[in-house]
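User: I have a structure open and want the reasoning behind its labels. Can you take me through it step by step?

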Amino acid sequence: KRNATSAERKLAKVREDLHRNLDGKGDGFIRGWTFDSRTFTLTIDKTRYQQNAVLAATMAARSIFDLDGVPLPKRLVIRDRSGEVLGEGPFANVSKLVD
């Protein structure tokens, strides 16, 4: 069994932190997330929409990538649990929590 590379350990830390900070938050508003090197997808339940909840979730996700030293995926996609795309754009446009 080979040792995990630094990049693999960082990605595992990002996944762990996303799980701890996003999964099941907002009374079920956040339904899940996935990412690869190109796209971060946040799945929400638009019937439970709360003002600023999407912004808070995307800023939290961005800070996790930044603090764990992992490059941001290029695109951010926000989907409803039905699969409908509610919004998308460059992930780098999401405000940083810390500089």
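Analyst: Start with N21. The model is predicted. The side chain of N21 reaches the backbone oxygen of D17 at 2.8 Å.

User: What makes the N21 to D17 pair a polar contact?

Analyst: The cut-off is 3.5 Å between N or O atoms. The side chain of N21 comes to 2.8 Å from the backbone oxygen of D17, so the pair qualifies.

User: Where does N21 sit, and why is N21 called partly exposed?

Analyst: N21 is in helix α1, residues 6-22. Its relative accessibility is 40%. Partly exposed lies between 20% and 50%, so N21 falls in that class. The C-alpha atoms of N21 and A60 are 7.6 Å apart, with their positions 39 residues apart along the chain.

User: Why is T58 called buried?

Analyst: T58 has a relative accessible area of 6%. Buried means under 20%, so T58 is buried. T58 is in helix α2. Beyond its neighbours within four places in sequence, T58 is in contact with L42, L76, I78, F91 and V94.

User: What does L42 touch?

Analyst: Not counting residues up to four places away in sequence, its contacts include L22, I30, W33, A57, T58 and V77. L42 is also among the residues that touch the most other members of the largest nonpolar core, which has 23 residues. The others named there are L18, L22, F40, F65 and F91.

User: Which elements give two or more residues to this core?

Analyst: They are α1, β1, β2, α2 and β3. The largest share, 7 residues, comes from α2. Nonpolar side chains tend to be buried together in soluble globular proteins.

User: What is the strand order in the sheet, and which are the edge strands?

Analyst: The open sheet of 4 strands has the order β1-β2-β3-β4, with mixed pairing. The edge strands are β1 (30-35) and β4 (85-90), since each pairs on one side only.

User: How do you know that β2 and β3 pair, and what about β3 and β4?

Analyst: Pairing needs at least two bridges. Strands β2 (residues 39-44) and β3 (residues 75-80) are joined by 6 bridges, so they pair, and they run parallel. There, I44 stands opposite D80. Strands β3 and β4 have 5 bridges, so they pair too, running antiparallel. R79 has V85 in β4 as its bridge partner. In the hairpin of β3 and β4, G83 takes a positive phi near 105°.

User: Which strands does each helix lie across?

Analyst: α1 lies across β1 and β2, at about 170° to β1. Helix α2 (residues 53-67) lies across β1, β2 and β3, at about 145° to β2.

User: What makes D66 and R62 a salt bridge?

Analyst: The cut-off is 4 Å from N to O. D66 and R62 meet at 3.1 Å, so they count. They are 4 residues apart in helix α2, about one helical turn. R62 is buried at 8%, whereas D66 is partly exposed at 30%.

User: What about E16 with R20, and R75 with E88?

Analyst: E16 and R20 meet at 3.6 Å, and R75 and E88 at 3.4 Å, so both pairs are within 4 Å and count. R75 in strand β3 and E88 in strand β4 are 13 residues apart, linking distant parts of the chain. E88 is exposed because its 52% is over 50%. R75, at 34%, is partly exposed.

Key
Residues numbered from 1 in each chain as written. Predicted model: local features only at pLDDT ≥ 70, side-chain atom pairs only at ≥ 80, totals over all residues. Heavy atoms only, no water. Buried < 20%, exposed > 50% of the residue type's maximum accessible area, 1.4 Å probe, protein only. Polar contact = N/O pair within 3.5 Å; in protein donor to acceptor, adjacent residues only side chain to side chain. Contact = heavy atoms within 4.5 Å. Axes fitted to C-alpha atoms, helices over the stretch in contact; angles between N-to-C directions. Core = buried A, V, L, I, M, F, W, Y, C linked by side-chain atoms within 4.5 Å. Salt bridge = Lys/Arg side-chain N within 4 Å of Asp/Glu carboxyl O.
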